[in-house]
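This report walks through one protein chain, beginning with a single residue and widening step by step to the chain as a whole. It is meant to be read with the sequence and the structure in view.

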Amino acid sequence: MVELSNDLLTVSLHPKGAEIISIKGKKDQLNYMWRRDASQWANSAPILFPIVGTNQVSDTEVIFSLKSNDEIIKQYPFLFELNVTYRLVENKLKCHIEVKNMDHQPIYFQVGGHPAFACPFMENESSNDYYLEFSENETCNRKIIDVEKRGMSRVEKPFF
């Protein structure tokens with residue numbers, strides 16, 4: 001387990017999957033991440049890529065790194081280096097994911113995150129007591145699922 005800490009937050013991270021285990025406010029002692037209830041979902045925020053290996057760590061930053069190896073190449077036949085950096089900046093945990101192509105050919109990949117935040121935080125609250133607020137208007141298109149072909153279509157429609 002790796003722990004990052006500054007004046008406002010303490011963050012626990014697991015090297016396997018570079019997974020955020022907890023984000024706790026030092027003033028309120030609230031854990032802002034999902035509590036890993038195995039009856040519903042035993043994880044909290046894995047990076048969806050092969051298992052992450054070695055790391056560099058300081059009080060407020062950690063870099064998890066994974067390089068392709070013989071075992072990984074059996075399932076993903078490309079040479080790569082994945083770096084996942086978590087950095088505490090005031091009351092924010094910043095995440096930067098970098099995939100380096102170490103191959104002589106184009107590599108194909110997708111990287112996904114799956115953070116599960118705790119909601120509600122307090123026992124007497126409901127998830128309906130919460131909302132997301134963006135600093136400016138957001139737009140996004142979504143692809144439509146083609147039920148007959150059982151996959152994504154090329155048709156996009158506005159989400160917001």
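## From one serine to the whole chain

S65 lies in strand β6, which covers residues 61-67. The model is a predicted one, and what follows should be read with that in mind. With a relative accessible area of 15%, S65 is buried, because buried means a value under 20%. Its surroundings include a polar partner, since the side chain of S65 makes a polar contact with the side chain of N83 at 2.9 Å.

### The sheet around β6

Strand β6 belongs to an open sheet of four strands, arranged in the order β5-β6-β7-β8 with antiparallel pairing. The edge strands of this sheet are β5 (55-57) and β8 (92-101), each of which pairs on one side only. From one strand to the next, the twist averages 10 degrees.

Within this sheet, β6 runs antiparallel to β7 (residues 80-89) and is joined to it by seven bridges; K67, for example, has E81 in β7 as its bridge partner. On to the next strand, ten bridges join β7 to β8, and these two strands also run antiparallel. One residue of this pairing is L82, whose bridge partner in β8 is V99. The strands β7 and β8 form a hairpin with two residues between them, and E90 in the turn has a positive phi of about 55 degrees.

### Other paired strands

A further open sheet is made of three strands in the order β1-β2-β3, again with antiparallel pairing. Here the edge strands are β1 and β3, each pairing on one side only, and neighbouring strands are turned by 15 degrees against each other on average, direction ignored. Strands β2 and β3 are joined by six bridges, and T10 has K24 in β3 as its bridge partner.

Later in the chain, strand β10 (residues 141-146) and strand β11 (residues 151-158) run antiparallel and are joined by five bridges. N141 stands opposite P158 in β11. The two strands form a hairpin with four residues between them, where R150 in the turn has a positive phi of about 55 degrees.

The table gathers the strand pairs described above, with a bridge partner pair for each.

| Strand pair | Bridges | Partner pair |
|---|---|---|
| β6 and β7 | seven bridges | K67 and E81 |
| β7 and β8 | ten bridges | L82 and V99 |
| β2 and β3 | six bridges | T10 and K24 |
| β10 and β11 | five bridges | N141 and P158 |

### The nonpolar core

Which residues of the largest nonpolar core touch the most other members? Of its 24 residues, these are L4, L13, I20, F64, F80 and Y86. The elements that give two or more residues to this core are β1 (2-5), β2 (9-14), β3 (19-25), β6 and β7, and β7 gives the most, with five residues.

Y86 shows how such a residue is surrounded. Leaving aside residues up to four places away in sequence, Y86 touches L4, L13, A18, I20, I47, T60, E61, V62, F64, L93, K94 and C95.

### Aromatic residues

A search of the whole structure finds six aromatic pairs. One of them is formed by F121 and Y130, whose ring centres are 5.4 Å apart and whose planes stand at 75 degrees, so the pair is edge-to-face. Both residues retain some exposure: F121 counts as partly exposed at 21% relative accessibility, and Y130 counts as partly exposed at 27%. In addition, Y76, F78, F80 and Y108 form one aromatic cluster, and F80 is also among the core residues named above.

### The chain as a whole

The chain has one helix and eleven strands, and read along the sequence these follow the pattern β-β-β-β-β-β-α-β-β-β-β-β. Its C-alpha atoms fill a box of roughly 50 × 45 × 35 Å, taken along the principal axes. Of the 160 residues in the chain, buried residues make up 29%, and S65, with which this report began, is one of the buried residues. Finally, among contacts in the chain with a separation of 6 or more, residues 24 or more positions apart account for 41%.

Technical notes. Residues numbered from 1 in each chain as written. Predicted model: local features only at pLDDT ≥ 70, side-chain atom pairs only at ≥ 80, totals over all residues. Heavy atoms only, no water. Buried < 20%, exposed > 50% of the residue type's maximum accessible area, 1.4 Å probe, protein only. Polar contact = N/O pair within 3.5 Å; in protein donor to acceptor, adjacent residues only side chain to side chain. Pairing = 2+ DSSP bridges. Axes fitted to C-alpha atoms, helices over the stretch in contact; angles between N-to-C directions. Core = buried A, V, L, I, M, F, W, Y, C linked by side-chain atoms within 4.5 Å. Contact = heavy atoms within 4.5 Å. Phe/Tyr/Trp six-rings, centres within 6.5 Å; stacked < 30°, edge-to-face > 60°.
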